[in-house]
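Please look at the sequence and the 3D structure shown here before reading on. The paragraphs that follow are meant to be read with both in view.

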Amino acid sequence: MNTFEELNYRISSIVFSPNDQTVVTGSSDGVLQLWDAKTGQCLRLFQGHTSYIFSVAISYDENTIASDSADNTIKLWNVHTGDCLKTLKVDRPYEGMNITGVKGLTAAEKASLKALGAVED
């Protein structure tokens, strides 16, 4: 696995564990990584987000990581296995509403509806 010096993407969030032995990073490619704070070696990858990670946090007992992403999800991860324990996602107000063929909407209104979950074929 990589070291800090070999990174080829942008780190968007970083947090030290409560005992300062490890570091968790979230990045622009949607991947979280657990690092040894002393050696800089990557200990584990956490993959499952599909977009930019805004923030990461680690629980006080150092068993769980939480991450927030531009993919509109919050994920909880098992630090020891790298498994995603839970994905939290709130439906947007117009989730799944098909606006194909709807008349009278401007391009800006269509873009807003799509940002709120509407779809167009």
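What follows goes from a sheet and its strand pairing to a pair of aromatic rings.

The model is predicted, and a convenient place to begin is its open sheet of four strands, which has the order S1-S2-S3-S4 and antiparallel pairing. Strand S1 (11-16) and strand S4 (42-46) are the edge strands of this sheet, each of them pairing on one side only. Neighbouring strands of the sheet are turned against each other by 20 degrees on average, with direction ignored. Strands of a sheet pair through backbone hydrogen bonds, in either a parallel or an antiparallel manner.

At the S4 edge, the partner is strand S3 (residues 32-36), and S3 and S4 pair in the antiparallel sense over four bridges. Within this part of the sheet, Trp-35 stands opposite Cys-42, a residue of S4.

Strand S4 also leads to the aromatic contacts, of which the structure holds two pairs. In one of them, the ring centres of Phe-46 and Trp-77 lie 5.8 Å apart with the planes at 70 degrees, and the pair is therefore edge-to-face, since planes over 60 degrees apart are counted in that class. This pair links distant parts of the chain, because Phe-46 belongs to strand S4 and Trp-77 to strand S7 (residues 74-78), with their positions 31 residues apart. Are the two partners buried or exposed? Phe-46 has a relative accessibility of 0% and so counts as buried, and Trp-77, with a relative accessible area of 0%, is buried as well, the cut-off for this class being under 20%.

Methods: Residues numbered from 1 in each chain as written. Predicted model: local features only at pLDDT ≥ 70, side-chain atom pairs only at ≥ 80, totals over all residues. Heavy atoms only, no water. Pairing = 2+ DSSP bridges. Helix = DSSP H or I, 4+ residues; strand = E, 2+ residues; numbered from the N terminus. Axes fitted to C-alpha atoms, helices over the stretch in contact; angles between N-to-C directions. Phe/Tyr/Trp six-rings, centres within 6.5 Å; stacked < 30°, edge-to-face > 60°. Buried < 20%, exposed > 50% of the residue type's maximum accessible area, 1.4 Å probe, protein only.
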